[in-house]
2 protein chains.
Amino acid sequence: MESNNHYTYQTLYAFSESVFLKMGCSALDAALATKVLLSADLRGIDSHGIARLVGYVRLWEVGRINATPDIKIVHETPSTAVIDGDRGLGLIVAPRAMEIAMEKAKQVGTGWVSVKNSNHFGIAGYHAMMALEQEMIGIAMTNASALVAPTYAAEKLLGTNPIAVAVPAGEEAPFVADFATTTAANGKLEIAQRKNTSIPFGWAQDAAGNPTQDASILKNGGALLPLGSEKEQGSHKGYALGSIVDIFSAVLSGASFGPWAPPFPAYVPMPENMPGEGLGHFIGAMRIDAFRPAADFKYNMDLWLNRFRNATAASGHEKVYVAGDIERAMEYERLQNGIPIVQAVQHDLSVLAEKMNLSFELKS
Amino acid sequence: MESNNHYTYQTLYAFSESVFLKMGCSALDAALATKVLLSADLRGIDSHGIARLVGYVRLWEVGRINATPDIKIVHETPSTAVIDGDRGLGLIVAPRAMEIAMEKAKQVGTGWVSVKNSNHFGIAGYHAMMALEQEMIGIAMTNASALVAPTYAAEKLLGTNPIAVAVPAGEEAPFVADFATTTAANGKLEIAQRKNTSIPFGWAQDAAGNPTQDASILKNGGALLPLGSEKEQGSHKGYALGSIVDIFSAVLSGASFGPWAPPFPAYVPMPENMPGEGLGHFIGAMRIDAFRPAADFKYNMDLWLNRFRNATAASGHEKVYVAGDIERAMEYERLQNGIPIVQAVQHDLSVLAEKMNLSFELKS
């Protein structure tokens, strides 16, 4: 059993912010990066939150992250833009992209921004949800370093390439989908490795492309499987989705794509012959009143949400959820009761604190 | 073994066109509807092609399809529109929507059209591929009558809600994804029923929400499963995707959504208390040069396609395909050798021919 000790959001916020400030981020950027990073911990997506802080610092140490980027629009039309993230933290580049997308949506109905030369942007859901306050539908996706084998392939050519879509409503809580285009996230394999348990068939394959239940198979040439697992269960659809994310995020922007996407671990060498610059994202915003009067849309969206939330549950289940419901409940709970941090991450953070001349309290 | 007899594309085209003319479609509309319908047969998606012609006629007979619709823009901004399909054939309403989307993309970079009051639009891929000739990325999706249970639900609340995305390239053949957001298409269950075989676990559930291998379970209160099959294999992601298609196609346009989407079989009564008008589609077009110079995009897209098409195959497989490759090869083959039509469909078509005072040659 892993021992999880709880930290308040405020404690983790203060520490994370101080780390970004030590990296040389501006006060505004340090606060934004912290907010985006910790939105993962609040929503229960622990693999994308403060557990990754050490990884961002390492990328900065080796010069792959620029703490003071000059983020620029390099191409645009009334409804589109490409921005160059100047090797900045994806945590701040992606919100900037969403701001540009929303500004364009205000002018012409929708805005679409493809981003190059960026880095890991935290959870896609944060960026998509920015649109909700403006009565817009928000869309966010990103490519990532290759861990996933296409259907029928024995090679890793795609990242876990997540898609997030946030849709505003009236009285009901909004619809917020945020998911990797794989069957299981890599974080689930890492948890199984720590617990020394096997994984279900359908999550991964070995180096030759055969089914496996070995949670550490990625260290031995294995790969994650696209959503759908096997061809018979529709893996070619998950493969197509991951491809679309890669193309929209990176081929459209001029970022590096497919097997050439830059790795997150700083000790992994950059791919040779990279066809583009850095990691890519694709961010979109659609004003709901660019399609219908906002009140009409919200009335129907409330009906949609209400109908699905009150659907008859299958035997053995209590309730049917809409995308984002479980994460919203988690956020409420963790703001009250604190955020559990596993020992390994606590240790990483205390080592980081010492290195940066900051303090982080270990609990045991 | 089912006996399949082959018909030339020209034979099926002439017959289908004559049926649409008998329904009262204009010459232009009859030709377009035929071209869209038969694109399914050519690409090997037999469930969406001429096999459905009888179904369209029945919908017209009961007044649910208007053969001479007045398709109108009812709301618009520079990058968006909602169109009212006036109960027209989706086969002609959706291409109109794509034309409007492309016109807007020419003006402001992208165009996004949500459609209400339409009907079944054939294969999503046809509409997405229209954008390729204009050096645009094409996107098409549609909602459909409810056959799919959300994760943890014992009710059918979503259709098979397909998504198509077509991406142009330079020298390489384009990327064309076109897939239902379910694990398996309903057509695969129908084939298993005709052959009297069972279906794999993960395709469907029974009325209580339990796993089943019964191919005829939908007749007994069962449901198709979202892409991912079960929660552990990511079915909540397929459920989210199907939801996004429903919201973009129908809540955004004012069409009927979720369990209230109109049924395709004319003998199924319309749902009570429908919240919107007809079926909905969502169509998008993005000019590639709204993001980068077209030549740069094409150069990188060719590299992407080439890398994936030449990936190392898994053991037991010869080749890795990119989305659309198998359908493109099928189209080439069927244009040469004809289109196989199963006996049941031949019979339906000959009955239809007799009723409409046309001729259709039965083969046996």
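The following exchange examines how several descriptions of this predicted model are justified.

Modeller: Residues are numbered from 1 along each chain as its sequence is written, and chains are lettered from A, with ligands numbered from 1, in the order in which they are written. The model is predicted, so local features need pLDDT of at least 70 and side-chain atom pairs count only at pLDDT 80 or more, whereas totals for chains, interfaces and linings use all residues.

Colleague: Why is A27(A) called exposed?

Modeller: A residue is exposed if 12 or fewer other C-beta atoms lie within 10 Å of its own, buried if 20 or more do, and partly exposed in between, with C-beta atoms placed from the backbone. A27(A) has 10 C-beta neighbours inside 10 Å and therefore counts as exposed. By the same definition, 58% of the 364 residues of chain A count as buried.

Colleague: Where does A27(A) lie in the secondary structure?

Modeller: A27(A) is in helix α2 (residues 27-43) of chain A. Helices (H or I, at least four residues) and strands (E, at least two) are DSSP runs, numbered from the N terminus. Chain A has ten helices and eleven strands.

Colleague: What makes the radius of gyration of chain A agree with that of a compact globule?

Modeller: The radius is taken over C-alpha atoms, and the globule rule is 2.2 Å times the number of residues to the power 0.38. For 364 residues the expected value is near 21 Å; chain A has 20 Å, which agrees. The C-alpha trace of chain A spans about 50 × 50 × 45 Å along its principal axes.

Colleague: Why are β2 and β7 of chain B placed at the edges of the sheet?

Modeller: Two strands pair if DSSP finds at least two bridges between them. The open sheet of seven strands has the order β2-β3-β4-β10-β5-β6-β7 (chain B), with mixed pairing. β2 (72-77) and β7 (175-179) of chain B each have a single partner strand, so one side of each is left without a neighbour in the sheet. Strands β5 and β6 of chain B, by contrast, are joined by four bridges and run antiparallel.

Colleague: How do you know that the chains are related by a two-fold axis?

Modeller: Copies are superposed by least squares on the C-alpha atoms of residues with pLDDT of at least 70 in both. Chain A can be laid on chain B with an RMSD of 0.0 Å by a turn of 180° and a shift of 0.0 Å along the axis. That is the relation of a two-fold axis. In chain A, the C-alpha nearest the axis belongs to G228(A), 2.4 Å from it.
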